[in-house]
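Got your viewer open? Load the model and keep the selection box handy.

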Amino acid sequence: MTAIHCQIRGRDVSRETFERLRRYEDLLRKWTSRINLIGRSTITEIQERHIRDSIQVFDSVPDATGNWVDLGSGAGLPGMIVAILAVDERPDLKVTLVEADLRKSAFLATVARELGLDLRIEAQRIENIAPLGADVLSARALAPLPKLLEFAQRHMAPDGVAVFPKGARWQEELRQALEKWRFSYQNQPSVTEPDATILKIGGISRV
Ligand SMILES: C[S@@+](CC[C@H](N)C(=O)[O-])C[C@H]1O[C@@H](n2cnc3c(N)ncnc32)[C@H](O)[C@@H]1O
């Protein structure tokens, strides 16, 4: 059991995790001045808008095991945060980040190297990668839910779970998705945005 020493916006983390998150934040600030990793207006709110938001995605699957695949990771949100938390809290988890933009995937490779993280980076389009068999699949700000379900069907293991943080229009996206897909779902209100939610989805098949 890892000793708890620090907090990120009310969430306990070990001192080592806290330090890795701080180094990630430093690298994100440095690289964002050169490439567009996160919206400029959110740079002053990295801990709340990005890191804490990603931690809640990790926490939404407390029994995660096997392969965690994050699609369209961008700056590593939530995938890199999952990989950082997993070092202390879920060391058996294998994390894969999929990001087609070569400058962003170079950033992800740099973070992984500097923090000594053992993760896989696929610098390719989601559509072109052989099925990844994800036990947990995440994607944040990548696409509307019907499109995410198409990706999930290709890359999720049969018993896998998908976790999608969604904004205020999540119920409308759900309604549209149910026209084409069958699936089970749970929603968990976001701790960072009052109208947002984390959708947990399983058992995906076409109508
Ligand atoms: C709006 S950004 C969101 C990034 C990050 N998930 C976040 O929440 O900040 C979407 C990212 O997905 C990547 N992306 C979009 N379509 C993709 C595809 N088909 N295959 C791989 N990456 C893709 C883009 O390059 C971009 O970095």
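What follows is a short walk through the model, one selection at a time.

**Confidence colouring.** Keep in mind that this is a predicted model, and start by colouring it by pLDDT. The protein averages 95, and 98% of the residues score at least 70. Select strand 3 (residues 67-71) for the highest confidence, at 99, then strand 1 (residues 6-8) for the lowest, at a mean of 92. For the complex, the predictor gives an ipTM of 0.99 and a pTM of 0.96.

**The ligand.** Next, select the ligand and display its surroundings. Which residues are closest to the ligand? They are Gly 72, Gly 74, Ala 100, Asp 101 and Arg 140, out of 16 that surround it. Colour that shell by residue class and you get seven nonpolar, three polar and six charged residues.

**The annotated site.** Now select Gly 72, Leu 77, Ile 126, Glu 127 and Arg 140, where an unreviewed UniProt entry places the feature "binding site". Gly 72 and Arg 140 also belong to the closest residues around the ligand.

**Two neighbours in one loop.** Zoom in on Ile 126, in the loop between strand 5 (120-122) and strand 6 (134-139). Glu 127 sits in the loop between strand 5 and strand 6 too. Is Ile 126 buried or exposed? Ile 126 is buried, because 22 other C-beta atoms lie within 10 Å and the cut-off for buried is 20 or more. Glu 127 has 9 other C-beta atoms within 10 Å, so it counts as exposed. To see what Ile 126 touches, add Leu 71, Val 98 and Phe 151 to the selection; residues up to four places away in sequence are left out of that list.

**Strands 7, 8 and 9.** Switch to cartoon and pick strand 9 (residues 197-206). Strand 7 (residues 156-166) pairs with strand 9 in the antiparallel sense, over five bridges. Show Ala 162 and you'll find its bridge partner, Ile 201, in strand 9. Then add strand 8 (residues 181-189), which runs antiparallel to strand 9 and is joined to it by eight bridges. Here, look for Asn 187 opposite Leu 199 of strand 9. While side chains are on, recall that in a regular strand they alternate between the two faces of the sheet.

**Last stop.** Select Arg 169, in the loop between strand 7 and helix 6 (170-180). Arg 169 has 13 C-beta neighbours inside 10 Å, so it counts as partly exposed. Finish by drawing a C-alpha to C-alpha distance from Arg 169 to Asp 195: the two are 26 residues apart in sequence and 8.4 Å apart in space.

Terms used:
Residues are numbered from 1 along each chain as its sequence is written. This is a predicted model: local features need pLDDT of at least 70, side-chain atom pairs count only at pLDDT 80 or more; totals for chains, interfaces and linings use all residues. UniProt positions are given in the numbering used here, feature names are shortened, and annotations may be inferred rather than shown by experiment. Helices (H or I, at least four residues) and strands (E, at least two) are DSSP runs, numbered from the N terminus. A residue is buried if 20 or more other C-beta atoms lie within 10 Å of its own, exposed if 12 or fewer, and partly exposed in between; C-beta atoms are placed from the backbone. Two residues are in contact if their C-beta atoms, placed from the backbone, lie within 7 Å. pLDDT is the predictor's confidence in each residue, from 0 to 100. A residue is near a molecule or strand if its C-beta atom, placed from the backbone, lies within 6 Å of it. Ala, Val, Leu, Ile, Met, Phe, Trp, Tyr, Cys and Pro count as nonpolar, Asp, Glu, Lys and Arg as charged, and the others, Gly among them, as polar. Two strands pair if DSSP finds at least two bridges between them.
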